[in-house]
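Here is a short briefing for a first look at a protein chain. Keep the sequence and the 3D view at hand while reading.

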Amino acid sequence: MDEVWINETLYVAWGQRFRIRRELARVKSDFQDIVVFESETHGRVLVLDGVIQITEADEFVYQEMLTHVPLLAHAGPRNVLIIGAGDGGVLRRVLLHRTVQRAVMVEIDGEVVRLSKEFLPGIAGTAWDDPRAEVIIGDGVDYVVRAPAASFDVIIVDSTDPVGVGEVLFTDEFYRHCARVLTTDGIIVNQCGVPFMQSDELRETSRRRARFFPYVSAYVVAVPTYVGGFMTLGVACNAEGLTADVERIRQRAKQAGILGTTRYWSPELQAAAFALPPYIAECLPRR
Ligand code: SAM
């Protein structure tokens with residue numbers, strides 16, 4: 001039988017490809033082209049507009065770091081807002097934290113949620129049915145514009161890159177309202193791409209976050225299928241202390257009930273992830 005491959009279209013002249021065992025879904029939603037396939041090497045894979053979003057094999061790497069770092073940098077997160085993250089992986093990790101009382105997830109494309117539930121059930125597990133979870137199909141920027149002030153302790157933005165529907169999540173208006181919606185010790189984290197290939201994403205969004213938050217930083221995570229080296233997660237808040245000491249992070253993780261549930265995140269790694277290579281650190285605003 002002829003081999004079938006899919007080439008990621010993220011970069012024009014370079015990229016990864018997967019040999020497809022079986023295509024499971026191909027849908028053109030109101031917002032993007034969605035493909036779910038069974039790969040030969042990474043389990044099932046979700047692709048949006050030709051860009052790899054998550055694979056069953058390595059989604060734990062990204063979702064653990066995007067979720068546990070801000071929740072454990074905060075002294076006691078109770079209300080968490082998740083924007084994007086239609087596969088449900090961030091929602092599942094947020095709800096692992098016993099401290100969390102409410103997790104609101106705002107995903108613009110209901111087809112991503114529907115297809116993730118049907119073809120990638122292991123990513124979210126039972127999170128969709130957790131009584132603390134509220135899943136809203138809508139634009140994340142519309143939600144934060146309407147949300148009450150100081151109503152969330154942590155905002156996690158797991159969006160596509162700043163093109164198409166994701167673009168509004170990288171704007172001044174979005175960050176202005178996030179700053180208003182967060183509590184005074186609140187923390188926001190955004191996926192900011194792979195600086196080796198997309199340095200503008202971290203540079204530009206950090207510059208924008210610095211207009212609304214006094215403390216802007218980033219940390220790194222090595223996600224095998226986000227090709228190009230370290231993936232960066234931009235973070236902003238009103239006070240320093242994100243890179244808390246390892247023992248304090250460990251204690252918080254124990255209280256939250258997540259110690260021992262992870263395969264990439266650890267207390268040591270949380271602290272180390274903020275030690276940025278110079279080519280990434282230079283993308284951050286000078287303090
Ligand atoms: N981990 C992936 C990455 O780093 O590129 C992101 C995964 S997640 C599937 C991205 C989600 O963001 C998609 O489901 C997309 O529909 C959603 N999204 C994009 N723009 C959005 C917006 N303005 N409001 C809410 N969700 C949005």
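Which residue in S9 does isoleucine 83 stand opposite? The answer is valine 157. This is a predicted model. The domain assignment divides the protein chain into domain 1 (5-55) and domain 2 (59-281). The points below take the pairing around S9 first, then the sheets, the cores, the domains and the cysteines.

**Around strand S9**

- Strand S9 covers residues 152-158 and strand S6 covers residues 79-84.
- The two strands run parallel and are joined by five bridges.
- Isoleucine 83 facing valine 157 is one opposite pair.
- Valine 80 and valine 154 of S9 also stand opposite each other.
- S9 pairs with S10 too, again in the parallel sense, over five bridges.
- In that pairing, valine 157 stands opposite asparagine 190 of S10.
- S9 is mostly covered, with seven of its seven residues buried.

**The seven-stranded sheet**

- S9 belongs to an open sheet of seven strands with mixed pairing.
- The strand order is S8-S7-S6-S9-S10-S12-S11.
- Strand S8 (133-137) and strand S11 (215-221) are the edge strands, and each pairs on one side only.
- On average, neighbouring strands here are turned by 15° against each other, direction ignored.
- Helix H1 packs on this sheet. H1 touches S6, S9, strand S10 (182-191), S11 and strand S12 (231-237).
- The direction of H1 makes about 160° with that of S9.
- Helix H7 (residues 195-209) lies across S10, S11 and S12. H7 runs at about 5° to S12.

**Helix H2**

- Helix H2 (residues 89-96) is mostly covered, with six of its eight residues buried.
- The buried residues of H2 are Gly89, Val90, Leu91, Arg93, Val94 and Leu95.
- These buried residues pack against H1, S6, strand S7 (102-107), helix H4 (121-124), S8 and S9.

**The five-stranded sheet**

- A second topic is the open sheet of five strands, ordered S1-S2-S3-S4-S5 with antiparallel pairing.
- Why do strand S1 (5-7) and strand S5 (51-55) each have one side without a neighbour in the sheet? Both stand at the edges and have a single partner strand, so one side of each is left free of a neighbour in the sheet.
- Neighbouring strands of this sheet are turned by 40° against each other on average, direction ignored.
- S1 and strand S2 (residues 17-28) run antiparallel and are joined by three bridges.
- Isoleucine 6 stands opposite phenylalanine 18 in S2.
- Helix H3 (residues 110-119) packs on the sheet and touches S2, strand S3 (33-39) and strand S4 (44-48).
- The direction of H3 makes about 125° with that of S2.

**Nonpolar cores**

- The largest nonpolar core has 61 residues.
- Leu91, Val94, Ile156 and Tyr219 touch the most other members of this core.
- Helix H1 (residues 59-73) gives the largest share, nine residues.
- Domain 1 (5-55) and domain 2 (59-281) both contribute residues, so this core lies between them.
- Leaving out residues up to four places away in sequence, tyrosine 219 touches residues including Met65, Leu66, Val69, Pro70, Val189, Met231 and Phe274.
- Another core, of 22 residues, lies apart from the largest one. Val106, Ile155, Val157 and Leu169 are among its members.

**How the domains meet**

- The centres of domain 1 and domain 2, taken over C-alpha atoms, are separated by 23 Å.
- The contact takes 23 residues from domain 1 and 23 residues from domain 2.

**Cysteines**

- How many disulfides are counted? The count comes to zero.
- A disulfide is a covalent bond between the sulfur atoms of two cysteines.
- The cut-off for counting one is a pair of cysteine sulfur atoms within 2.5 Å.
- The cysteine sulfur closest to that of cysteine 178 is in cysteine 192, 12 Å away, which is too far for a bond.
- Cysteine 178 is buried, with a relative accessible area of 0%.
- Cysteine 192 is in no disulfide either, and its nearest cysteine sulfur, that of cysteine 283, is 9.9 Å away.
- Cysteine 192 also counts as buried, at 0% relative accessibility.

How values were computed
Residues are numbered from 1 along each chain as its sequence is written. This is a predicted model: local features need pLDDT of at least 70, side-chain atom pairs count only at pLDDT 80 or more; totals for chains, interfaces and linings use all residues. Side-chain values use heavy atoms; hydrogens and water are left out. Two strands pair if DSSP finds at least two bridges between them. Helices (H or I, at least four residues) and strands (E, at least two) are DSSP runs, numbered from the N terminus. Axes are lines fitted to C-alpha atoms, for helices over the stretch in contact, and angles run from 0 to 180 degrees between N-to-C directions. Contact means heavy atoms within 4.5 Å. Buried means under 20% relative accessible area, exposed over 50%, partly exposed in between (1.4 Å probe, protein chains only). A nonpolar core is a set of buried Ala, Val, Leu, Ile, Met, Phe, Trp, Tyr and Cys residues joined through side-chain atoms within 4.5 Å. Domain bounds come from an automatic or database domain assignment.
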